[in-house]
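Here's a quick walk through the interfaces in this one. Have the viewer open and follow along.

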Amino acid sequence: MSADRPNQLFRNMNAKVAAIPMIVTALFVFVGGTAWTIVYSFTKSGLLPRMKWVGLDQYERLWGTKRWLIAIENLAIYGLCMLVLVFVIGFILAALIDQKIRFENTIRTVILYPYAMSFVVTGLVWQWILNPEFGIQNIVRGIGWESFTFDPLYTPEIAIFGVLIAGLWQGSGLVMVLMLAGLRGIDHEVWKAARIDGIPAWKTYIFIVIPMMRPVFITTLVLVVTGIVKVFDLIVAQTGGGPGIATEVPAKYVYDMMFRNNNLGQGFAASTMMLVTVALIVIPWAILEFGGKRSND
Amino acid sequence: MESSISIRDLDLRFGSVEVLQGLNLDIGVGEFLVLLGSSGCGKSTLLNCIAGLLDVSDGQIHIGGKNVTWAEPSERGIGMVFQSYALYPQMTVEGNLSFGLKNAKMSKAEISQRVARAAEILQIEPLLKRKPAALSGGQRQRVAIGRALVRDAEVFLFDEPLSNLDAKLRADLRVEIKKLHSRLGNTMVYVTHDQVEAMTLADRIAIMKGGQIMQLASPNEIYNRPKNLYVAEFIGSPSMNFIHGELKGGDFVADGLSIPMTGYEFADSSEKEGKAIIGLRPEHIATGDNLASAVSRTKAKVSLVEPMGSDTIIYASVGSHPIHIRMDGQATVKPGDEVEIGFQPARANLFDPSTENRL
């Protein structure tokens, strides 16, 4: 027997074999599918993919379409408001629950419950609640305030905020639970030290506790942002993109182009634009976070 | 003695659980008091009550002559150091020291002067611009002490400050805390479960058990004249030998053992009779050259030897009684040997087996 160094390829064989299905999936489905989509976005594909090269035509058409521009604008409004509000609401709820209150488990479950529901259910429920005929408006008018008007889903300018309310209702619970886990991870002696130093609670949260929770914030941010970019079913269930095209979003545009309008090339171009948008946000962040030297804290 | 902290009939209950019961304690100005006990004895709870981090159920706490029972922690004139350091991780050392002062709207000049003084005392000047993550455990704890120092508090509270450090650092920092105390002359209350820390640092030690103070006395008194069986067993490592027997006509008699108790100071200077437990510290059982000073001698059969360098612990039996003895580090003893040992009644402790109090 020679005492050769064992072939590096065969080290940890079990782990490597176990990882093969995921590697294959990742390579063929994600990377392969993405590449294929990008390539065909430069073609004149209709009902079926056809390798008929048209250069940037699909993109020119895309950026000349009002519906796409509105979809992008809606995503920006929905995304920004959702991001800010879901964090603020989620964190405040978590901070309140962290005050050693009674029935914590019950309250936590109640607030998290919407997250367990399908966006389709959330969308329908909020469609009804915001319906002027039998929703909030009707109830308030029934109490006696006859001129009360609250029908965001029927007013194109603010319809996207009606969707936002439903999104917040569903998303805040998850953020709260994650933030609560983060708060529980803070050494309680830090709180004691801050009290001895005479630092008020809100200042302790902002200057000491939240910076300590950075990893939790990053995890939550990734979850929330992916949820925002792919928002689709909520829109379909709640407004169907309406009134008119007031609540269109990019994901829905892609879906409609590909499976309704038999215009694959246009759908591919739109989804490639979504990919580019996400990449523009993620890549600089990833370089900042993981690139270069490992930070020491 | 003028008292710096005075605790009156302190009660603390969590629901139906009594954590502290009718506790009274006076701590003198400039005194170093150590609260010592095993975990769950209420020592940290008491410290948190003094700090104002826990609301008391009943009783009063006075600090510096003021009733602070319901005052905010920051208004009590205290500084506190925690086991986990509890530094603010995203601030530099300087930020950690000055954050509380800035928050109290103190002038910049005053802050930098205080920070500079604390840094000088604790020799952390080169670390001021670093973040806690870039510091060693010992340095972090210095910064934590510094944060208490800049508050210019009359009273320092330490909650097991050295428990997270390794043995060497712990010994070093212990000496520094002692130096700090003699330099500043503040009142210090120090919670620990480490009896070495307690013995070396304290002016007085309060040994706690079940939310009550078992004995409050100087380290010397606690070591030499423990008030009850619990204190006797708790203090000293290796712990005291206990032998059950009887007091008969001035002698302590147990199976195969008889020790005349001449020279023993009874609690109310009257000799007792009847059942008793004798407590003998391993280092007070004489061997070798020290035998000359011992009153009664006997033979012990060695079963196990633990050489520790500076001294050697031997496990032996006298008659049917297992005992351990601290011998000189250079002693050459093997298991199976017989050694001659002697007792010094004046340094022994007698306890009543029923009340567990010192006789």
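What follows covers the chain-to-chain contact, then the domains of chain A, then one of its helices.

Keep in mind that this is a predicted model.

**Between the chains**

Let's start with the contact of chain B and chain A. Chain B puts in 28 residues and chain A puts in 19 residues. Put together, the two chains bury about 1,900 Å² between them, and carbon and sulfur atoms account for 57% of that area.

How many salt bridges are there between chain B and chain A? The count is one. Asp197(A) pairs up with Arg151(B) there, with 3.7 Å between the closest N and O atoms. For a salt bridge the cut-off is 4 Å, so a pair at 3.7 Å gets counted. On top of that come ten residue pairs in polar contact between chain B and chain A, both residues being at pLDDT 80 or more.

Which elements does chain B use on the side that touches chain A? Helix 1 (43-51), strand 6 (78-81) and helix 2 (93-103) of chain B each bring at least two residues. Sorted by class, that side of chain B holds 14 nonpolar, nine polar and five charged residues.

**Inside chain A**

The domain assignment splits chain A into domain 1 (1-40) and domain 2 (58-290). Taken over C-alpha atoms, the centres of these two domains of chain A sit 36 Å apart. Five residues from domain 1 of chain A meet five residues from domain 2 of chain A.

On the domain 1 side, Thr37(A), Ile38(A) and Tyr40(A) lose the most area to domain 2 of chain A, and together they make up 76% of what that side buries. The rule finds zero salt bridges across this domain interface of chain A, and zero residue pairs in polar contact with both at pLDDT 80 or more. The side of domain 1 of chain A that touches domain 2 of chain A has three nonpolar residues, two polar ones and no charged ones.

Here are the two buried areas in one place:

| Interface | Buried area | Share on carbon and sulfur atoms |
|---|---|---|
| Chain B and chain A | about 1,900 Å² | 57% |
| Domain 1 of chain A and domain 2 of chain A | about 400 Å² | 77% |

**Helix 9 of chain A**

Last stop: helix 9 (residues 201-212) of chain A, where Lys203(A), Thr204(A), Tyr205(A), Ile208(A) and Val209(A) are buried. What covers them? The cover includes helix 3 (66-97), helix 7 (159-184) and helix 8 (188-196) of chain A, together with helix 2 of chain B. That helix 2 of chain B also supplies at least two residues of the side of chain B that touches chain A.

Note on methods
Residues numbered from 1 in each chain as written. Chains lettered and ligands numbered in written order. Predicted model: local features only at pLDDT ≥ 70, side-chain atom pairs only at ≥ 80, totals over all residues. Heavy atoms only, no water. Contact = heavy atoms within 4.5 Å. Buried area = accessible area lost by both parts, 1.4 Å probe. Salt bridge = Lys/Arg side-chain N within 4 Å of Asp/Glu carboxyl O. Polar contact = N/O pair within 3.5 Å; in protein donor to acceptor, adjacent residues only side chain to side chain. Helix = DSSP H or I, 4+ residues; strand = E, 2+ residues; numbered from the N terminus. Nonpolar A, V, L, I, M, F, W, Y, C, P; charged D, E, K, R; others polar. Domains from an automatic or database assignment. Buried < 20%, exposed > 50% of the residue type's maximum accessible area, 1.4 Å probe, protein only.
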